[in-house]
Each structure stands twice: as structure tokens, then as C-alpha cells.
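Student: I have a structure open and would like to learn how to read its pockets and helix packing. Could you walk me through it?

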Amino acid sequence: MSETIHVPVMPREVIDGLNICEGDTVVDATLGGGGHALLALERLLPGGTLFACDQDGEAVERFRVRLNREAKYADLMRDGRVVLIHTKFSDIGRVLRDRGVSQVSAIFADLGLSSDQLQDADRGFSFLYAGPLDMRFDRSEGVSAADIVNGWSEQDLSRIFREYGDVRDAGRIAKAIVRQRATKRFETTAELAECIRQVSRDRKSSIHPATTVFQALRMAVNRERESLETFLKDAIGILKTGGRIAVLSFHSGEERAVKRIFAEDARGCVCPKEFPVCRCGRKARLRFITKRARVPSDEEVRRNPRARSAKLRIAERV
């Protein structure tokens, strides 16, 4: 198994924002290349516990190999101080409760795709690498991108392109896909990318017109929007008082969902303004650490262009 090539986005901003201290219990819900997890581990030792989770089993095993190269990390895994878990981030609450963990000090999720996944042609996440149309984080279950492209209706394809990718030519592209698949099934990333290129009105843009379509397909394949809402609600529920949650998003729809759910939990009384006293008894569960989403510096974007659309939001349990 190859080593990770993924560069973590806004690593110091994430770890500093989570306010991790010695002895804390920390959850990285989307392990990826493990860059954020290793920084968290530096802060919580000695005495803390790290739960490193990912839906991509290959990412989990790659991190296990990485830790086993150093005796101190291998010992931490043997002692149960670093726990690697192959699971969807939407199942984090249940998975932790099954392990007897009712509260954590910090929890983090990076909603972007890792470079390890993007540059593995066999995974089918990128049109830059010729490979099968797969896009599943966990290749042992679920429908693939090929299943969706070849099986969903024109209306459903157009809908996910608009909702998940903000694709301007969603209808035109969906129609072209349905027309072409009637004579030949889509099997590869290259076939789909070329179909999109031919009909898109954004062919002269510096960004390939297939970029947002592939993003939308990936989100649909892995049910990312639905999983995000489940994760956020469960994650907030298992934070201890003073514990923090941080989320890195790369898509406007996901960023809006994070902002909305944080805002809902940061709101207290919802009684009408004309009520002289509160009758609902609702108490805020969160306070914003970042009133506005933080973005990477220009220098980071120069070093790591994939960070350019990142938005970081952090909140604290009250």
C-alpha cells in the first residue's frame, strides 16, 4: 500500500481552533491522509485518546501502516489510545457509544476528497485519470457512479448536478448523457468527461466543465449531504461542555448546511417577541468560535491549490 500524498488543509487553524489539550478524547471523523490526526495526537498526549475514522478502508489501513513504523505510535495503538475505525462519518455517534464513549473533547470532519483518492485512477474520482466510473468511498458497498450515470432518469441527473455541483448546464448535460447511453453504456471517467465537454457552454473556462459534474456524482454516490446532517447532529450531541467541533467544507451547499445547523444549535429561546418571558425553555447548545467561516491564506493556496475553496467553521458546546 503506497504512502499518503495528501496535504492537509488549514492544519494549524483546525487544531488550534479545536483547543485540544493533554488528556483529551478527540475524534477525527474523516481521517484521509492522517495529517490533522497526527497534529491532534501531538496535542492530546500524554494521557489522551484519538479515534481516527474513515469510510475509506484503504485510508484507515494506510494510516495503520504509517503509525506502525514508529514504536511510540504502535504502542499507542496496542494500548487503545489510538483507535482506528473503518466507518461512515454519519455513524460516528453510534460507533462511539458502542465502545462506551459518551462524550468527547473535540471532533473534526474534512468534507473534501483526499489526494490519495483523486490520484488513484481505479477509484474513478477524477476525469484527469482514466479509470472506471466508481467514486465510492467504500468499494465494498453501495451504488457506483456508473450505476447512477447509466440508470438514473434525465430529471434526477439534472437535479443532482444542480443541487450538488451548481452546474449551469445541468439540463443539457443530463440530456446528453441519456442520449449517449442509449447506444453505449458509460464505463470510464474519460467517456463521461468527453460527453460533458462536448455539450457544455463553459468549454472555454479555465475550470474543466466536468469538474462540478464529477463532484455532484461523488456526493450522490456517497450520500454525502444526508450523511453530513446526521453527523453534525450526532457530533454535537456527544461533545462535552466546552468541547469543540470543526468542519472543513469545500462546496457551497455543504458550507450552508454546516452554518445552518450550527446556528440552530446556537439559538436559545424561540418564543415570539411579544412574550414577556420565555415559555419554550429552549437553551443554546453551541456558541460560535468562528462567526464567519475562515479561509486558507493566499500562501497556502499557492502551495496547495486544492485548498482554494475551503471554508472552516468551529463551534463550542455550552
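**Reading pockets and packing**

Tutor: Gladly! Let's begin with a pocket: the second largest one holds about 220 Å³ of space. Keep in mind that this is a predicted model.

Student: How is empty space found in general, and which residues are closest to the centre of the second largest pocket?

Tutor: The general idea is that a probe the size of a water molecule, rolled over the atoms, shows where empty space is left. Here, 14 residues line the second largest pocket, and Gln55, Lys88, Val221, Asn222 and Arg223 are the closest to its centre. Two or more lining residues come from each of α11 and α12 (224–238). By type, the lining has four nonpolar, four polar and six charged residues.

Student: How much space lies in the largest pocket, and which residues are closest to its centre?

Tutor: The largest pocket has about 1100 Å³ of space. Its lining counts 42 residues, with Thr211, Thr212, Gln215, Arg308 and Ser309 closest to the centre. The nonpolar residues of this lining number 17, the polar ones 16 and the charged ones nine.

Student: Which helix gives the most to the lining of the largest pocket?

Tutor: That is α11, with six residues. At least two residues each come from α6 (115–118), α11 and α13 (252–266).

Student: Since α11 came up, how do I describe the way α8 and α11 pack?

Tutor: In general, you describe two packed helices by the angle between their axes and the distance between the axes. In this model, α8 (residues 154–165) and α11 (residues 210–221) pack at about 100°, and their axes are 8 Å apart. The two helices are therefore roughly perpendicular to each other.

Student: Which residues of α8 and α11 meet?

Tutor: From α8 come Ile160, Phe161, Tyr164 and Gly165, and they meet Thr212, Val213, Gln215, Ala216, Leu217, Met219 and Ala220 of α11. This contact is made up of eight nonpolar and three polar residues, with no charged ones.

Student: Now a single residue: is Ser144 buried or exposed?

Tutor: A residue counts as buried when its relative accessible area is under 20%. Ser144 has 11%, so Ser144 is buried. You will find Ser144 in the loop between α6 and α7 (145–151). Beyond its neighbours within four places in sequence, Ser144 contacts Leu133, Asp134, Arg136 and Val221.

Student: And how many residues of helix α2 are buried?

Tutor: Eight of the 10 residues in α2 (residues 35–44) are buried, leaving this helix mostly covered. Among the buried ones are Gly35, His36, Leu38 and Leu44.

Definitions and conventions:
Residues are numbered from 1 along each chain as its sequence is written. This is a predicted model: local features need pLDDT of at least 70, side-chain atom pairs count only at pLDDT 80 or more; totals for chains, interfaces and linings use all residues. Side-chain values use heavy atoms; hydrogens and water are left out. Axes are lines fitted to C-alpha atoms, for helices over the stretch in contact, and angles run from 0 to 180 degrees between N-to-C directions. Helices (H or I, at least four residues) and strands (E, at least two) are DSSP runs, numbered from the N terminus. Angles under 35 degrees count as roughly parallel, over 145 as roughly antiparallel, 65 to 115 as roughly perpendicular and the rest as oblique. Contact means heavy atoms within 4.5 Å. Ala, Val, Leu, Ile, Met, Phe, Trp, Tyr, Cys and Pro count as nonpolar, Asp, Glu, Lys and Arg as charged, and the others, Gly among them, as polar. On a 1 Å grid over the protein atoms alone, a cavity is a set of points where a 1.4 Å probe fits but cannot get out, and a pocket is an open set with protein on both sides within 12 Å along at least five of seven lines; lining residues have an atom within 4 Å of a point. Grid points are joined across faces, edges and corners, and a volume is the space filled by probe spheres set on the points. Buried means under 20% relative accessible area, exposed over 50%, partly exposed in between (1.4 Å probe, protein chains only).
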